[in-house]
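Student: I have this one open on my screen and would like a close look at a single part: the packing on the inside. Please pick a spot to start from and work outwards.

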Amino acid sequence: MSLRIRRYEPDDREAADAVIEAALRHANAYFEDAPALVDGDRLAEYVEEGGEFLVGLLDGELVATTAFRPPKGVAADLATADDDTAEVKRMHVHPDHHRQGFGQAMYDELEARASDAGYDRLILSTSARQEPAHAFYRQNGYEQTGQTTVDIDDATLGILVFRKNLARGR
């Protein structure tokens with residue numbers, strides 16, 4: 001079985017939301033009232049802003065998501081960001097499909113598209129609870145550049161910020 005990666009389409013909304021929620025719940029990083037979990041029109045927020053929103057399909061079932069866009073929010077506040085920097089968002093694989101290489105395939109496609117779009121750097125923020133994600137990003141050349149906390153659902157959540165310079169000459 002191979003993963004087919006393509007651009008998000010509006011009809012993917014329900015399945016993409018289900019993958020994102022399942023992955024965050026599995027990582028103990030899902031909060032009902034977290035505003036960062038609410039995207040409006042994904043094509044407008046990502047693609048039309050100069051980024052991309054990708055989905056991964058396995059035998060027609062949406063099992064993974066990833067996106068990049070110009071930086072906003074915590075990552076932009078804590079990392080040096082300019083017009084050559086994109087923010088990685090929505091990097092999730094449904095827990096039923098972990099450890100099959102789908103996250104790496106999604107990430108590789110995202111990085112290639114970000115580079116092709118002219119970005120020289122990638123930044124991202126992730127919760128301190130998502131230790132497997134930290135390891136994944138470090139294995140892909142990221143370094144932690146900052147950290148902060150946010151209050152969500154009467155809890156304080158640690159947020160880590162990572163950065164990576166992309167290879168030139170792609």
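**Starting from one alanine**

Tutor: Let's start at alanine 114, which has a relative accessible area of 0% and therefore counts as buried, the cut-off for that label being under 20%. Keep in mind that this is a predicted model. Alanine 114 sits in helix α4. If you skip its neighbours within four places in sequence, the residues it is in contact with are Phe68, Tyr119, Leu122 and Leu166. Take Leu166 from that list: alanine 114 and leucine 166 are 52 residues apart in sequence, and their C-alpha atoms are 9.0 Å apart in space. That sort of link fits the contacts of the protein in general: of those between residues at least 6 apart in sequence, 66% join residues at least 24 apart.

Now step from alanine 114 across to leucine 122. Not counting residues up to four places away in sequence, leucine 122 touches Ala86, Val88, Tyr107, Leu110, Glu111, Ala114, Tyr142, Phe162, Arg163, Lys164 and Leu166. One of those contacts, alanine 86, stands opposite leucine 122, which is in β5. The two strands behind that match are β4, residues 85–93, and β5, residues 121–127, which pair in the parallel sense over three bridges. Strand β5 is mostly covered, with six of its seven residues buried.

Zoom out for a moment to see what β4 and β5 belong to. Seven strands make an open sheet with mixed pairing, and their order across it is β1-β2-β3-β4-β5-β7-β6. At the edges are β1 (4–7) and β6 (143–152), each of which pairs on one side only. From one strand to the next, the twist averages 25°. The protein has five helices along with those seven strands, and from the N terminus on the elements go β-α-α-β-β-α-β-α-β-α-β-β. Two of the helices are worth finding on your screen. Helix α1 (residues 13–26) lies across β3 (61–69) and β4, at about 85° to β3. Helix α5 (residues 131–139) lies across β4, β5, β6 and β7 (155–165), and runs at about 165° to β5.

Back to the inside. In soluble globular proteins, nonpolar side chains tend to be buried together. Here the largest nonpolar core has 25 residues, and leucine 122 is among those with the most contacts inside it, along with Val88, Met91, Tyr107, Tyr137 and Tyr142. At least two residues of this core come from each of β2 (52–58), β3, β4, α4 (102–116), β5, α5 and β7. Helix α4 gives the most, with five residues. There is also a second, separate core of nine residues, including Val19, Val55, Leu62 and Ala67.

Next, the aromatic rings. A pair of rings is described by the distance of the centres and the angle of the planes. Eight aromatic pairs turn up in this model. In one of them, tyrosine 46 and phenylalanine 53 meet edge-to-face, 5.2 Å centre to centre with 75° between the planes. Both partners are covered: tyrosine 46 is at 0% relative accessibility and so counts as buried, and phenylalanine 53, at 0% too, also counts as buried. Tyrosine 137 and tyrosine 142 have ring centres 5.5 Å apart and planes at 70°, so this pair is edge-to-face as well. Those two tyrosines are buried, and ring pairs tie them into a cluster with Tyr107, Phe136 and Phe162.

Phenylalanine 53 also leads you to threonine 66, a residue of strand β3. Threonine 66 has a relative accessible area of 0%, so it counts as buried. Its contacts, leaving aside neighbours within four places in sequence, are Glu52, Phe53, Leu54, Val88, Lys89, Arg90, Met91, Met106 and Leu110. Two names there should ring a bell: Val88 and Met91 were among the residues with the most contacts inside the largest core.

Finally, the whole protein for scale. Of its 170 residues, 46% are buried. The accessible surface comes to about 8,700 Å², with 43% of that belonging to carbon and sulfur atoms.

Notes:
Residues are numbered from 1 along each chain as its sequence is written. This is a predicted model: local features need pLDDT of at least 70, side-chain atom pairs count only at pLDDT 80 or more; totals for chains, interfaces and linings use all residues. Side-chain values use heavy atoms; hydrogens and water are left out. Two strands pair if DSSP finds at least two bridges between them. Helices (H or I, at least four residues) and strands (E, at least two) are DSSP runs, numbered from the N terminus. Axes are lines fitted to C-alpha atoms, for helices over the stretch in contact, and angles run from 0 to 180 degrees between N-to-C directions. Contact means heavy atoms within 4.5 Å. Rings of Phe, Tyr and Trp (its six-membered ring) pair if their centres lie within 6.5 Å; planes under 30 degrees apart count as stacked, over 60 as edge-to-face and the rest as tilted. Buried means under 20% relative accessible area, exposed over 50%, partly exposed in between (1.4 Å probe, protein chains only). Accessible areas come from the Shrake-Rupley method with a 1.4 Å probe; for residues, only the protein chains shown count as cover. A nonpolar core is a set of buried Ala, Val, Leu, Ile, Met, Phe, Trp, Tyr and Cys residues joined through side-chain atoms within 4.5 Å.
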